[in-house]
Amino acid sequence: MRRSARIAAKDSPPDPKPQAESRLKAKPKTTPKRKSVDAAKPATPNKKQHVTLKEEVAPKEKSEEDEVESMDTEEDDSKESETDSVSTSQSEYEDEDEESTTELEENGDESDDEFVKKPEKSGRKSLSSTKNSKAAKKGAKGHFAGLRKFTTPTGPTLHHSVPAKKPAALTKVEPVKSTHPLSEESDEEWDDVTQPSTSAAAMSKDKPTTSAEDLKVTIVSSDQEKLNEKMAREMQLAINREKKLLALQTHDVTLLCNCIHLHFTAKSILSEDACFIAQCRSLIPKGHVDTLSKKMDMLVFKKFLKWFGSAFVVASNEVSIEASKKKRFVERLEVLVGHKCYDTSRDLSSILFGCLVSMEFPARLGKAVAFSSEVNDAKEAKEQPKKKKKLKEYRDYFVEFWHPDEERWIALDPSTLDLDIPFKTAENFSPGFLYALAIDNKMGIRDVSARYADDFLTLGYRRKRTGATYLKETLLMKKFLAHRKRAKAEDMEFHDTLSLRPMPTTLSDFKNHPLYALEKDLLKFEAIYPSDQKPVGKVRGQDVYPRSCVRHLEGELFWLRQGRVVREGEEPYKIVKARPKMNVPKEEREDKPLPLYGHWQTDDFVAPTVQPDEPVPRNEYGNIYVYKSSMVPVGCKHMVEPGITSIAKKLQIDHVQAVVGWDFHGCQNHVILDGIVVHDTDEEILRNAWIQNRREQLKKVEEKAKKRVLGNWRKLINGAIGLDAIRKKFGVTSASKKNNHDPTVSTLDDDNDESQEPQQWPAGNFTLNSVHESREKKL
């Protein structure tokens, strides 16, 4: 250690300033007023450890050696007088010192030079002790334990200023005088330092609340964060799509269930087994029946409604309990009619519907379908006051009857007996009703929402009716199909009634409006026809056209798939950009025009006539379009038997594959081939050949199955024979028999196995027949 100090002193240039020499010549005091803070046990200095001096120190080797010896002596004295109260603070910085010492040993003299030069940048003239040696490191722990916590950014120094705010867990110690022989400070300079408290209360405050095992640090790069955000966004979009799809499906299923509910109710009332209709007829006064059966007189009908309102009253508790015990709905109605009372809105509407049907009037039983969102329910729950109020009773059932003279359906409220006031009837419906369904006495269902919804034409109401298209398709089913003549008359009535309502005043309300349309809102394959159609009005400079003038356009190939062809010489009514080919790269795609034609520009497809000696017609791709049965050429037949194409090729019969449709997959369209087109004269030959080929195929299948069954039996028998041979050749004891028991093998004396001596297994006379015989004897 002394040798390294002398080498460093020789290499360092002399400092011209005399202050450094005077400070080095000064003798340090042997006994300070207060001993330094505790340090670790004395450690043996290492040969590799050395002390690097700053360049400002004058080259005096002998005095320097004496100073180093005095420093080591003082450090040893201070280590012996250390106390237990500071040992805790010493261990806190031990790991930090070891790391710094290791780095300095690796870097060598270069790191030492840099370490010494750092204080020069700040303008201070000081000498800093190095941490290259373990002895110097451990000695400095005891001497500078209170100074470790306040190291400056430029490097560790001997004296530091006290921080502005002292930690709560730190206690102030008396001034400590620096006695390091290499310090640049004078012996008379003192500094106040703070030292961590070793008390139990202070140590408990200093301890972290979270253990190191509980802490988890995750370092994520910016690219990873972007990827995570993108994945989370895509996942949220997928979840939203599934939620939307689920809501739409729930909406449609609810409509279907309401249609089935009406169908069940009407079928129960009109069933022949029940006597409900006869009961209703017996209660109606004869004068009303005779008058209304001849002619529909509204005055007499109002008298009938007045009688109905006075005849049926609210049921008592006893009658309600008696009616609720009935399993069938029609039996419940029979009990209520017998007592001339009703319990619910459904009961009252069903009784009125039965009375009208009993007088042979075309009548309807209707129901309002409401959809309430969770948000609206939450708002209503918050708005409800704390005091309990009587809840309003909603009546979702109504009745309609057909007026033969006016040829229209008239609304009727069973509760208030309001006649032909649908908006007033709708006031008693459940809030948020979007559909009004009605079923007639012929089991036909219609959507009559336009009659009862006052805001039917508003954009908000139409957006909520997401199942309108599904309901329209459902009601076209044979089971729900209504009377065509009356349905057509009702559609005309709706159109006339809605057209009397005021026109929307905003452009957004014209989007998908049932009566009006703006040219800017037309879709790609829509146009106004005729082209000289006059607008019915203007809104903010935009021409308003009737919705009936909006026609659908399609390309020439689409009309061909519908069994129609564009007339020759017809000009396209509209030209748009064709759909891109998805199998072509985006940068190589070219915009191609697509001419569009309307239905009025097409005619029915006329199939060509083919003579027996003429070939079957083909298109440019070698097949023939048979989208409709009418497109098959005259004199030809379309055969769709499986495998008919291969038979025609074997017999060398003229045939053409038939294109019956198109399918889109793999980013492009693909044709759907089904069967072939041949001459009428070749049809019988091909069919007989196909039947004969089919028989041969079935025969081959049977032979193949029989061969497979025989092969399986052969394997089973060979395996049994081999197993028998192995058992005859190799034997096992009774102990091994218990461990390796074979369910197919048994002995005659199973109960006496323990008393018998070990013997060969199986017996020498073992055969498959002996197994069966032994089992029969046991039985």
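Hi everyone. Let me begin at aspartate 343, which counts as partly exposed at 31% relative accessibility. This is a predicted model, so please hear everything that follows in that light.

Aspartate 343 has a salt-bridge partner, arginine 332, and the closest N and O atoms of the two are 3.4 Å apart. Where do aspartate 343 and arginine 332 lie? The aspartate is in the loop between strand S6 (341–342) and H15, while the arginine is in helix H14 (residues 329–338), so the pair ties together parts that are eleven residues apart in sequence. Arginine 332 is buried, with a relative accessible area of 15%.

Since that loop leads to H15, let's look at the helix itself. H15 covers residues 345–358, which is 14 residues. From first C-alpha to last, H15 reaches 20 Å, close to the 20 Å expected at 1.5 Å a residue. Is H15 mostly covered or mostly open? Mostly covered: 13 of its 14 residues are buried. After H15 comes glutamate 360, which has a positive phi, near 60°.

Back to charges. The count for the protein comes to 22 salt bridges. One of them joins glutamate 406 to arginine 408, with 2.6 Å between the closest N and O atoms. Glutamate 406 is partly exposed at 43% relative accessibility, and arginine 408 is also partly exposed, at 22%.

Another one pairs glutamate 493 with arginine 451, where the closest N and O atoms are 3.5 Å apart. Glutamate 493 sits in helix H21 (residues 484–499) and arginine 451 in helix H18 (residues 449–452), so this pair ties together parts that are 42 residues apart in sequence. Are these two buried or exposed? Both glutamate 493 and arginine 451 are buried. They also have company: salt bridges with shared partners join Arg364, Glu400, Arg446, Arg451, Glu490, Asp491 and Glu493 into one network.

Now, cysteines. How many disulfides does a search of the whole structure find? Zero. Take cysteine 257: the closest cysteine sulfur, in cysteine 259, is 9.2 Å from its own, which is too far for a bond. The cut-off here is 2.5 Å between the sulfur atoms. Cysteine 257 is partly exposed, at 46% relative accessibility. Cysteine 275 is in no disulfide either, as the nearest cysteine sulfur, that of cysteine 280, is 9.8 Å away. Cysteine 275 counts as partly exposed too, at 40% relative accessibility.

Next, a stop on the surface. Val709, Trp713, Leu716, Ile717 and Ile721 make a nonpolar patch of about 520 Å². Leucine 716, one of those residues, is placed in helix H24 (residues 680–729). Leucine 716 is exposed, with a relative accessible area of 53%. Here is a reminder that may help when you look at the patch: an α-helix has 3.6 residues a turn, so residues three or four places apart point the same way.

Finally, let me zoom out. The protein has 779 residues, and 37% of them count as buried. Its secondary structure comes to 26 helices and 24 strands. Among contacts with a separation of 6 or more, 72% are between residues 24 or more positions apart. The accessible surface is about 50,400 Å², and 52% of that belongs to carbon and sulfur atoms.

That's my tour. Thanks for listening!

Notes
Residues numbered from 1 in each chain as written. Predicted model: local features only at pLDDT ≥ 70, side-chain atom pairs only at ≥ 80, totals over all residues. Heavy atoms only, no water. Patch = residues over 30% accessible without salt bridge, like charges linked within 9 Å, V, L, I, M, F, W, Y side chains within 5 Å. Areas by Shrake-Rupley, 256 points an atom, 1.4 Å probe, with all protein chains shown as cover. Salt bridge = Lys/Arg side-chain N within 4 Å of Asp/Glu carboxyl O. Helix = DSSP H or I, 4+ residues; strand = E, 2+ residues; numbered from the N terminus. Buried < 20%, exposed > 50% of the residue type's maximum accessible area, 1.4 Å probe, protein only. Contact = heavy atoms within 4.5 Å. Expected span 1.5 Å × (residues − 1).
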